[in-house]
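Reader: I would love to go through this model with you, one piece at a time. Could you take my questions as they come?

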Amino acid sequence: MDGSFLLPLLIGLPVVGALLVMVSPKGEGGLARMLGLSFSLITFLVSLGVFAYFRANLGGMQLVFDTVWVSSLGIHFKTGIDGISLWLLILTTFMTPLTLFAAKGSIDKHVREFVAAMLLLEAGMIGSFVALDLFVFYVFYEIMLVPMYLLIGIWGGQRRIYASIKFFVFTMVGSLLMLAAIIFLYVTHGQVTGTYTSDLEALSNLILPHQAQVWCFAAFALAFAIKIPLFPVHTWLPDAHVEAPTPGSVILAGVMLKFGIYGFLRFAMPLFPAGAAELAPYIAVLAVIGIVYGALVAFSQDDVKKIVAYSSVSHLGFCALGLFAMTLTGIQGSIFAMLSHGLTTGGLFLGIGVLYERRHTRRLAEYGGIWKQMPIFAGLYLIVTMGSAGLPATSGFIGEFLTIFGTFTASNFPGNYSIPNPMLLGAFAATGVILGAIYLLYMFQKVFFGKLDVAKNGGLKDLNGRELAVFVILCVGIIGMGVAPHRILKSMEPSVQTFVRNFGRGVSEPDGPARLYGTPVPSQPRAAKTAPVAQLGVGQ
C-alpha cells in the first residue's frame, strides 16, 4: 500500500462530517460541536499518517492518487503532495480542530450551520493543497469562497454584509481570470496534441509562446496576489478580518491567505516560467511596498484587530519576496514564514477574541493594565506576539531571516530571471521587521501594561481551561518551530530544489520547458528556435 488513499480520505472526512452535522437535530449545538470537533480531529490524525509514507529525500510528487473524473473532458481527480504542500496540509488539519475548539465562546447562534461551514471550508482547503489537476484545483479553490463568505456574512460584525461581498467580489474577479487562463491552456493542449486534459503534469510540458506565457501568468498572478494579499489589491483583507467572527479570522489568516504564495509555487511559475521572469520584478517591488505599507498603517489603528490585519499584509509580503527571490533559502523561508504566520497570527486573533468576549470592544483605548487581571493570558499572548514580531527562538524569526537572506543572494540565480537591486529590496524588507516589532510591542504595551484605569477591566477573568489549552498548544508550536526548524526545512528542501531547477530550465528555454513534471528529461532534441510561434507543442 502506497498511501495514495490518504489524500482523498482527508478531503472526504470533513465533507462527511459536514453532512452529518447538517442532518443532526436543529438546536443541538453541543452535538454539532462534538461532531465537528471529532471529524476535524480524525482528519488531523489521518493527516499525520502521511508521514508514514512520505519520503523526505525525494523531490517529486508522492502519494499520487489518479482516477478519471469527467472522462469526456479529460479531467482526472488527481492528488499528490511534495515537501512544499505537506506542511501546509498539516497546518490546515491542525488549525481547523483548534479553531473549532476555541469557537465555543464566540459562536452561539446557528451553531450547526457554522460547524458545517467550517468542515466544508477545511475540505476545500485540503483539496486545493493536494490537487494536481487544474480544474480540480479550481473547483476546490472556489469551494473555499462559499463557507468563508457565509462565515463573514452570517456570524460577522455590523458591517458584515459589506465585508463579505467585498471579499467575494475581489476573489471571484481574480478567480475568473485564472479560469480563462486555465481554459486557454486546456484548449491549446488539445489543439496541439489532440488530447484535451487539465492534468498539471501534462500542461507543464506544453510549449507556449513568450507573450502567451506573460498574459497567462498575469491572469494567475492577479488571482493569487489578491489572495496573498499583495499591495495594492489587499483592501478587502482589513474589512474581512474586522467583520469576521474570531474563528473566521483565524482560518482566514492561518490558512487561506497561504493559497496566494502556494498558487504561485505550484501553478503559475511552473506553467509560465517566461511570464514569471517578465513580471517578477514588479511583484517583488510590490511585496516590499506591502511590507512597509502594512507596518506603517498598523501604527495608526485604534482597533486591535485592524492592527493584526495590516500586520498580515506586511508579513505575507515577506513570503512573496522570498519566493520571487528564487533562491533555495528564500523559498524555504517563504514557506516557513507561511507556517509561522498561521500559528502566530492565528494566535493573535484568538487572543483578540478572548478580550472581545469579555469586554465586547476592540479599541486600544479601552484596555491597559490587564496583566494583573489576566497574568496567564498575558504571558502566553506575549509569546505569540514575540513570534509574530520575529524574536529569535520563535518561528517568526526563522522565516523572516531566511526570506531576507535569500533576497540578498537573489542575484545568483542563473538564466534570464532576476529581481532588481535584491540587496536594496532586502534592506527595505528588513525595516519591516523593525517596524513590526515596534507596532506589535506597542499594541501589547497598550493592552497589558500601564494603569488599570478602566473600571470594567477590573473584573476580567483569566483564561479558562479551554482557552488555556489552545494557547499552550500554539505557544509550543511557535517555540518548537523556532528552536528546532531543521526537520521542516529538511523535508521541504528536495522539493524546493526540484522547483528551482525546473523553473531555471524553463526560464532559460524561451520557447518553453523541455521536461517532465518533477523529472528532467535526459537530452532530447528540441525544436529549432527559428520555428514559428504557431508551432506549439509538448516538451520534446
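Reader: Which residue of strand 2 stands opposite Thr67?

Author: Happy to start there, keeping in mind that this is a predicted model. Strand 1 covers residues 62-70 and runs antiparallel to strand 2, with six bridges joining them. Within this pairing, the residue of strand 2 that stands opposite Thr67 is Phe77.

Reader: Which residue in the turn between strand 1 and strand 2 has a positive phi?

Author: The two strands form a hairpin, and four residues lie between them. One residue in that turn has a positive phi of about 70 degrees, and its name is Gly74.

Reader: How many residues of strand 2 are buried?

Author: Strand 2 spans residues 75-81, seven residues in total, and is mostly covered. The number of its residues that are buried is six.

Reader: Is Arg362 buried or exposed?

Author: Arg362 sits in the loop between helix 15 (328-359) and helix 16 (375-389). Its neighbours beyond four places in sequence include Val242, Ile352, Tyr356 and Tyr367. The cut-off for buried is under 20% relative accessible area. Arg362 has 19% relative accessibility, so this arginine counts as buried.

Reader: Which side chain does the side chain of Arg362 join in a polar contact of 3.3 Å?

Author: Among the residues that Arg362 touches are Asp302, Asp303, Val304 and Lys305. The polar contact of 3.3 Å links the side chain of Arg362 with that of Asp303.

Reader: How does His110 count: buried, partly exposed or exposed?

Author: His110 lies in the loop between helix 4 (83-102) and helix 5 (111-130). Leaving out residues up to four places away in sequence, His110 touches Ile154 and Trp155. Partly exposed lies between the limits of 20% and 50%. With a relative accessible area of 47%, His110 is therefore partly exposed.

Reader: What distance separates the C-alpha atoms of His110 and Ser314?

Author: Along the chain, these two residues are 204 residues apart. In space, their C-alpha atoms are separated by 34 Å.

Reader: How far apart are the end C-alpha atoms of helix 20?

Author: Helix 20 (residues 486-508) has 23 residues, which at 1.5 Å a residue should span 33 Å. The model agrees with that expectation, because the end C-alpha atoms are 32 Å apart.

Reader: Where does helix 20 bend by about 40 degrees?

Author: A proline, Pro494, follows within four residues of the bend. The bend of about 40 degrees is at Glu493.

Reader: How many disulfides does the count come to?

Author: Two of the cysteines are buried: Cys216 at 6% relative accessibility, and Cys319 with a relative accessible area of 1%. A disulfide needs a pair of cysteine sulfur atoms within 2.5 Å. By this rule the number of disulfides is zero.

Notes
Residues are numbered from 1 along each chain as its sequence is written. This is a predicted model: local features need pLDDT of at least 70, side-chain atom pairs count only at pLDDT 80 or more; totals for chains, interfaces and linings use all residues. Side-chain values use heavy atoms; hydrogens and water are left out. Buried means under 20% relative accessible area, exposed over 50%, partly exposed in between (1.4 Å probe, protein chains only). Two strands pair if DSSP finds at least two bridges between them. A polar contact is a pair of N or O atoms within 3.5 Å; within protein, one must be able to donate a hydrogen and the other to accept it, and residues adjacent in sequence count only if both atoms are side-chain atoms. Contact means heavy atoms within 4.5 Å. The expected span of a helix is 1.5 Å times one less than its number of residues. The bend at a residue is the angle between axes fitted to the seven residues ending there and the seven starting there.
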